[in-house]
Amino acid sequence: MTRDEGRGASRRGVLRLAGTGLGLAALGAGAWGCGPVEDPAAVATPSAPGTAPGGGTGGGAFTTPPPGTAPKPLWQRPTAKGSLGADALAVAGDVVLVSGDPLVGRDLATGAERWRREEVAVPGAKMLVRGGTLYLASAQYDGDVVGLDPATGRETWRSRLGKRFSQPRTIAADERRVYVLAGILEKDFSVKRNVIAAIDASTGKVAWQELRDAGTEEYGITAEAVGRHLVYTDFRENVTVRDTATGRQLWTKKIGRSNSGGLAFHDGLVIVADAGRLRAFALADGTEKWSLASEEFTRFHGIGVLDGVLYAADSGHVLRAVEPGKGTELWRTGALLDVAYPGQFAKVGGTLYAATELDDEGGVLAFDARDGKLRWRYNDGSGALDRWYVVAAGDRLAALHGERVTVLPAV
């Protein structure tokens, strides 16, 4: 039995548990409208085998550790239960935010608690920060969508869905609008159809709302607002693009597998991981511009475009750098066979950072972005099977793993 096969059952169990508790109680409210608006001690954790601490302090200059050695954490803190998902971690200015109840804002440099709010965020909710505002569906189950100042936690904005709708969730935002998805309540309180809507970020009023096709999923949505395009995928294996100004559907495509793991964008293209292929579509009309296949019997997973390069990992533990405009491979590495494949990326300077999928020996991986050479691997030594998530924040990296947030120097 291989190492991955031996862990298969436990990983599937974790995934099943992660999938529970995501639904919210049906919400009721009035008409659409707008209104005005503990510091835990640091967790002591051992370094993983072969990753002795490097230098660096919470507020000072960082010392680059020797080759092959991971840096020492600047600080670590526990998080609230239910902090799950790539969008559950965010950095806004010098504040680190992790979705959960209570919602806590921590100082990026020291980990000190800046503020906390009880019953304001649904655990696992998307930390959607745009234009200096953190947008959240209200945890009060009242149909409201609220905006908070990430620096202070104070409410600065509020909008409300009508009583016909249930479970409103923020899915994307740009400088002008917040985009939400909500179910439509039938007379028997069942939900058979759902609506996607845009709320004006200045007034809180609905700019447009569009009924989605029957049979489309209400959950498993991955979305981004890019220029005049709102792009999203769902568990029904669709890629759909709408006009952000009007809500009009411009095009939709079927892909070969569900794609809730992320979208990548480059120069008028949206790129998706479709089973064993990377596929690039023109945002304007859905024309497929290029396709790149992985090795036989492997599937692409995490993807991301950073500084004009597409990075993609597959289930064969291979990481690729790809020219995103043409689909031309720049380099690949097969040096990851002893750890899980990356699922998410960040980049600082000439170093690419990758957060691994489910693996107790995974963690944050650092690669030379020029050739893919693995520089170091950081693991918190907790033995937790949870996925890792990482966000670049200046000369620091914020990482989420299980019920712990860690900040590392970006060295």
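**Close-ups of a four-stranded sheet and a buried aspartate**

**View 1. Strands S16 and S17, side by side.** Strand S16 covers residues 229-233 and strand S17 covers residues 238-243; the two run antiparallel and are joined by five bridges. Keep in mind that this is a predicted model. To find your way along the pair, look for Leu230, which sits across from Arg242 in S17. Thr233 can serve as another landmark, facing Val239 of S17. As a reminder, strands of a sheet pair through backbone hydrogen bonds, in a parallel or an antiparallel way.

**View 2. S17 and its other partner, S18.** S17 also pairs with S18, again antiparallel and again over five bridges. Here Asn238 has Lys254 of S18 as its bridge partner. The two strands make a hairpin, with five residues linking them. Have a look at Gly247 in that turn: its phi is positive, at about 85°.

**View 3. Both faces of S17.** How many residues of S17 are buried? Six of its six, so to speak of S17 as mostly covered fits the cut-off of under 20% relative accessible area. In a regular strand, side chains alternate between the two faces of the sheet. In S17, one side carries Asn238, Thr240 and Arg242, while Val239, Val241 and Asp243 are on the other, and both sets are buried.

**View 4. The whole sheet.** Pull back a little and you get an open sheet of four antiparallel strands, ordered S15-S16-S17-S18. Which strands sit at the edges? They are S15 (222-226) and S18 (249-254), each of which pairs on one side only. From one strand to the next, the twist averages 15°.

**View 5. Asp144 and what surrounds it.** Now over to strand S9 (residues 144-148), where Asp144 is found. Is Asp144 buried or exposed? Asp144 counts as buried because its relative accessible area is 2%, and the cut-off is under 20%. Its side chain makes a polar contact with the side chain of Arg158, at 2.2 Å. Setting aside neighbours within four places in sequence, Asp144 touches Leu136, Ala137 and Ser138, along with Arg158, Ser159 and Arg160.

**View 6. The full chain, for context.** Zoomed right out, the chain holds one helix and 33 strands. Of its 411 residues, 53% are buried. The accessible surface adds up to about 17400 Å², and carbon and sulfur atoms account for 51% of that.

How values were computed
Residues are numbered from 1 along each chain as its sequence is written. This is a predicted model: local features need pLDDT of at least 70, side-chain atom pairs count only at pLDDT 80 or more; totals for chains, interfaces and linings use all residues. Side-chain values use heavy atoms; hydrogens and water are left out. Two strands pair if DSSP finds at least two bridges between them. Axes are lines fitted to C-alpha atoms, for helices over the stretch in contact, and angles run from 0 to 180 degrees between N-to-C directions. Buried means under 20% relative accessible area, exposed over 50%, partly exposed in between (1.4 Å probe, protein chains only). Accessible areas come from the Shrake-Rupley method with a 1.4 Å probe; for residues, only the protein chains shown count as cover. A polar contact is a pair of N or O atoms within 3.5 Å; within protein, one must be able to donate a hydrogen and the other to accept it, and residues adjacent in sequence count only if both atoms are side-chain atoms. Contact means heavy atoms within 4.5 Å.
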